[in-house]
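I wanted a short record of what I looked up in this chain. The entries go from the overall fold to a few side chains.

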Amino acid sequence: LARYMVQGVDAVEKGVSLSDSYNDMGPLQKQLMVGMSKFVLPVSKGANTQVYLAAAADLAAGGGAYYDDMKPAKNSAAVDDPALAARLWALSEKLTGTKIDL
């Protein structure tokens, strides 16, 4: 989106956080979560990167970066493919029945 919009757009790896939804899980799901506990963030840290990007004034002029754990991270090669971006944009307009002239 940053390629098409005036203001910056960043992407975030949100990860997994253990929220109240754990209470609604079945026994198998809870066991899987226990196994994943090394990779699961507590709720208090689950949205840190999203809040950081929303509040960081120094990032407002940029955009298009990918962040993980409040730090810039490496993008997939597909992110920098302008032909793929154009195809995705065209397909999105087709599927939504909208046309955005940029």
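**Entry 1: the chain as a whole.** I started with secondary structure and found 4 helices and 5 strands in the chain. Read along the sequence, they follow the pattern β-β-α-β-α-α-β-β-α. I note here that the model is predicted.

I then looked up burial and surface. Of the 102 residues in the chain, 11% are buried. The accessible surface comes to about 7,900 Å², and carbon and sulfur atoms account for 61% of that surface.

For contacts, I took those in the chain with a separation of 6 or more. Residues 24 or more positions apart make up 56% of them.

**Entry 2: Glu93.** I placed Glu93 in helix α4, which covers residues 82–96. Is Glu93 buried or exposed? Its relative accessibility is 11%, and the cut-off for buried is under 20%, so Glu93 counts as buried.

Next I asked which residues Glu93 touches, not counting those up to four places away in sequence. I found Thr98, Lys99 and Ile100. For Ile100 I also have a polar atom pair: a polar atom of the Glu93 side chain lies 2.9 Å from the backbone nitrogen of Ile100.

**Entry 3: Thr96.** I stayed in helix α4, where Thr96 also lies. Thr96 has a relative accessible area of 54%, and exposed means over 50%, so I entered Thr96 as exposed.

Which backbone oxygen does the side chain of Thr96 reach at 2.7 Å? I found that of Ser92. The Thr96 side chain also reaches the backbone oxygen of Glu93, at 3.4 Å. Glu93 therefore appears twice in my notes: its side chain has a polar atom 2.9 Å from the backbone nitrogen of Ile100, and its backbone oxygen is reached by the side chain of Thr96, with the cut-off for a polar contact being within 3.5 Å.

**Entry 4: Thr49.** I moved to helix α3, residues 48–55, in which Thr49 lies. Thr49 has a relative accessibility of 6%, which is under 20%, so Thr49 counts as buried.

Which backbone nitrogen lies 3.4 Å from a polar atom of the Thr49 side chain? I found the one of Asp69.

**Entry 5: recap.** I have two threonines on opposite sides of the burial cut-offs: Thr49 in helix α3 is buried at 6%, whereas Thr96 in helix α4 is exposed at 54%. The side chain of Thr49 has its polar atom at 3.4 Å from a backbone nitrogen, that of Asp69, while the side chain of Thr96 reaches backbone oxygens, those of Ser92 and Glu93.

Notes: Residues numbered from 1 in each chain as written. Predicted model: local features only at pLDDT ≥ 70, side-chain atom pairs only at ≥ 80, totals over all residues. Heavy atoms only, no water. Buried < 20%, exposed > 50% of the residue type's maximum accessible area, 1.4 Å probe, protein only. Polar contact = N/O pair within 3.5 Å; in protein donor to acceptor, adjacent residues only side chain to side chain. Contact = heavy atoms within 4.5 Å. Areas by Shrake-Rupley, 256 points an atom, 1.4 Å probe, with all protein chains shown as cover.
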